[in-house]
Amino acid sequence: MSTVTSKLRLAERMSRLGTESAFDVLVRARELEARGKEIIHLEIGEPDFPTAPHIVEAAARALRDGWTHYGPPAGLPQLRQAIAEDAGLRRAIRIDPAEVVVTPGGKPIMFFTILALVDRDDEVLYPNPGFPIYESMIRFVKGRPVPYALPEERDFDVDVDEILGKITDRTRLIILNSPQNPTGGVMGREQIAALARALAERDVFVLSDEIYNRLIFEGEHSSITQFPGMKERTIILDGFSKTFAMTGWRLGYGIMRPDLARQVALLMTNSNSCTAGFSQVAAVEALRGDQSGVDRMREEFRRRRGVIVEGLNKIPGFRCRTPHGAFYVFPNITGTGKSSKTIADGLLNEAGVACLSGTAFGDWGEGYLRFSYANSVENIQKALEKVAAWVKAHL
Ligand SMILES: Cc1ncc(COP(=O)(O)O)c(C=O)c1O
């Protein structure tokens with residue numbers, strides 16, 4: 001390894017950048033595996049299924065056909081068209097291709113939206129526990145992060161009154177995420193309607209992270225864009241990672257008013273230039289081709305959800321709600337008398353089960369763990385046995 005002797009002087013803004021600790025836990029788990037320890041991976045948020053063969057074939061064909069060059073920063077016209085049709089149909093709203101920006105994964109839409117809209121000292125409401133990159137980005141641009149809770153007793157749905165009580169004249173952006181990471185909570189339609197009514201008169205944007213919208217087990221997905229006046233003040237974040245098991249392809253998109261879409265495309269020009277062309281050609285196939293794999297995957301997640309919720313509820317000190325969406329459970333572990341971090345570290349190092357401390361998603365995640373059930377029923381059952389044995393031996 002090379003050694004450096006001089007001190008690294010970083011720009012001040014780097015001290016305000018957070019991280020996503022799922023990747024750190026994955027690295028630690030891999031180190032333990034390299035030393036011969038068996039680890040069951042319930043920490044990482046990606047479907048364990050392969051991408052469907054017809055999508056892989058479309059990408060291979062695109063490469064052979066010469067889709068190996070730069071493309072337009074906002075995305076290929078045929079993909080923007082396909083996204084506008086598909087996303088519009090699923091939400092029963094009208095979307096124009098000029099409102100779509102294709103990005104390498106859904107994550108850049110968080111980055112770009114916050115860069116484009118939030119100035120120093122602007123307040124941004126965001127869920128806590130929630131996807132850690134929201135808070136990281138708010139702090140990065142010197143905005144003021146204002147967390148709101150996701151009460152367990154409401155099945156991790158938002159309390160709209162709490163959100164409304166936190167809106168001030170400085171509020172610039174409200175981040176919603178439904179279905180939610182890490183809790184699996186899904187926002188009820190009445191909650192969204194109440195929020196939309198309250199926002200109707202305000203100059204506030206909404207970043208609606210809907211990346212898990214096709215992983216809902218009860219009822220239908222609701223989007224705030226379906227309510228009067230909200231579409232032009234909302235940026236939908238969506239993508240191919242979770243729905244089509246395409247995390248490594250890096251394919252996502254944002255849907256927003258066309259004037260904002262042009263600015264976000266400018267951020268693409270300044271950062272990535274464009275999303276890979278052959279991936280985008282395959283993405284058209286993902287949207288327009290056979291959807292049965294998506295349905296099968298959801299039904300398999302439903303089966304696993306049943307197994308993990310039942311198993312966790314049998315462990316002394318654990319209490320687990322049945323989540324309505326995504327592929328995570330968020331058990332309350334306060335009954336163990338230990339901190340989330342202590343339990344998560346113990347499970348990884350001693351029981352060989354990788355999961356995340358609730359605090360990986362913000363301070364208000366204390367008292368919880370996040371398990372991803374994107375793993376086989378067999379492995380989930382094995383993990384549950386290991387967790388139960390560890391709890392019995394240590395607590
Ligand atoms: C809530 C949420 N939004 C966005 C993303 C980003 O997805 P992508 O891999 O497409 O960047 C994730 C990924 O874990 C997520 O959990």
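Leaving aside its neighbours within four places in sequence, which residues is Arg 91 in contact with? In this predicted model, the residues in contact with Arg 91 are Glu 210, Asn 213, His 221, Ser 223, Thr 225, Gln 226, Ile 236 and Asp 238, once neighbours within four places in sequence are set aside. The legends below begin with the whole chain and return to this residue in a view of its own.

**Figure 1. Overview of the protein chain, with its 12 helices and 12 strands.** The radius of gyration of the chain is 21 Å, close to the 21 Å that the globule rule gives for 395 residues, so the chain is as compact as a globular protein of that length. Along its principal axes the C-alpha trace spans about 60 × 60 × 55 Å, and buried residues account for 57% of the 395 residues. Of the contacts between residues at least 6 apart in sequence, 75% join residues that are at least 24 apart. The accessible surface comes to about 17400 Å², with 51% of this area belonging to carbon and sulfur atoms. The chain carries 49 positive and 50 negative charges, and the mean positions of these two sets are 3 Å apart.

**Figure 2. Close-up of the open sheet of 3 strands in the order β9-β12-β11.** The pairing in this sheet is antiparallel; β9 and β11 stand at the edges, each with a single partner strand, so one side of each is left without a neighbour in the sheet. Strand β9, residues 328-329, pairs with β12 over 2 bridges, and here Val 329 has Phe 371 of β12 as its bridge partner. Strand β11, residues 356-357, is likewise joined to β12 by 2 bridges, with Leu 356 opposite Arg 370 and Ser 357 opposite Leu 369. In a regular strand the side chains alternate between the two faces of the sheet. Within β12, which covers residues 369-372, Leu 369 and Phe 371 point one way while Arg 370 and Ser 372 point the other way, and all of them are buried.

**Figure 3. Close-up of Arg 91, a buried residue in helix α3.** Helix α3 covers residues 77-91, and Arg 91 has its place within it. What relative accessibility does Arg 91 have, and does it count as buried or exposed? The value is 2%, and because residues under 20% are classed as buried, Arg 91 counts as buried. The contacts named at the opening include the acidic residues Glu 210 and Asp 238, together with His 221 and Ile 236.

**Figure 4. Close-up of helix α7 and the elements its buried residues pack against.** In helix α7, residues 189-199, the buried residues are Gln 191, Ile 192, Ala 193, Leu 195, Ala 196 and Leu 199. An α-helix has 3.6 residues a turn, so residues three or four places apart point the same way. The buried residues of α7 pack against α6 (160-166), β5 (171-177) and β6 (205-209).

**Figure 5. Close-up of two cis peptide bonds, one joining Ser 178 and Pro 179 and one running from Asn 181 to Pro 182.** Omega is about -10 degrees for the bond between Ser 178 and Pro 179, and omega is near 20 degrees for the bond from Asn 181 to Pro 182. Pro 179 is found in the loop between β5 and α7, and Pro 182 is found in the loop between β5 and α7 as well. Most residues other than glycine have a negative phi, and most peptide bonds are trans.

**Figure 6. Close-up of Asp 121 and Arg 250, residues with a positive phi.** Asp 121, although not a glycine, has a phi of about 70 degrees; this residue lies in the loop between α4 (107-117) and β3 (123-127), and Asp 121 is partly exposed, with a relative accessible area of 31%. For Arg 250, phi is near 55 degrees, and the residue has its place in the loop between β7 (234-239) and β8 (252-255). With a relative accessibility of 36%, Arg 250 counts as partly exposed.

**Figure 7. Close-up of Phe 131 in the loop between β3 and α5.** Phe 131 is buried, with a relative accessible area of 12%. Apart from neighbours within four places in sequence, Phe 131 is in contact with Glu 20, Lys 107, Met 110 and Asn 181. Phe 131 and Glu 20 are 111 residues apart along the chain, and their C-alpha atoms are separated by 8.0 Å. Asn 181, another of these contacts, is also the residue from which the cis bond to Pro 182 runs.

Conventions. Residues numbered from 1 in each chain as written. Predicted model: local features only at pLDDT ≥ 70, side-chain atom pairs only at ≥ 80, totals over all residues. Heavy atoms only, no water. Helix = DSSP H or I, 4+ residues; strand = E, 2+ residues; numbered from the N terminus. Rg over C-alpha atoms; globule rule 2.2 N^0.38 Å. Buried < 20%, exposed > 50% of the residue type's maximum accessible area, 1.4 Å probe, protein only. Contact = heavy atoms within 4.5 Å. Areas by Shrake-Rupley, 256 points an atom, 1.4 Å probe, with all protein chains shown as cover. Lys, Arg positive; Asp, Glu negative; His and termini not counted. Charge placed at Lys NZ, Arg CZ, Asp CG, Glu CD. Pairing = 2+ DSSP bridges.
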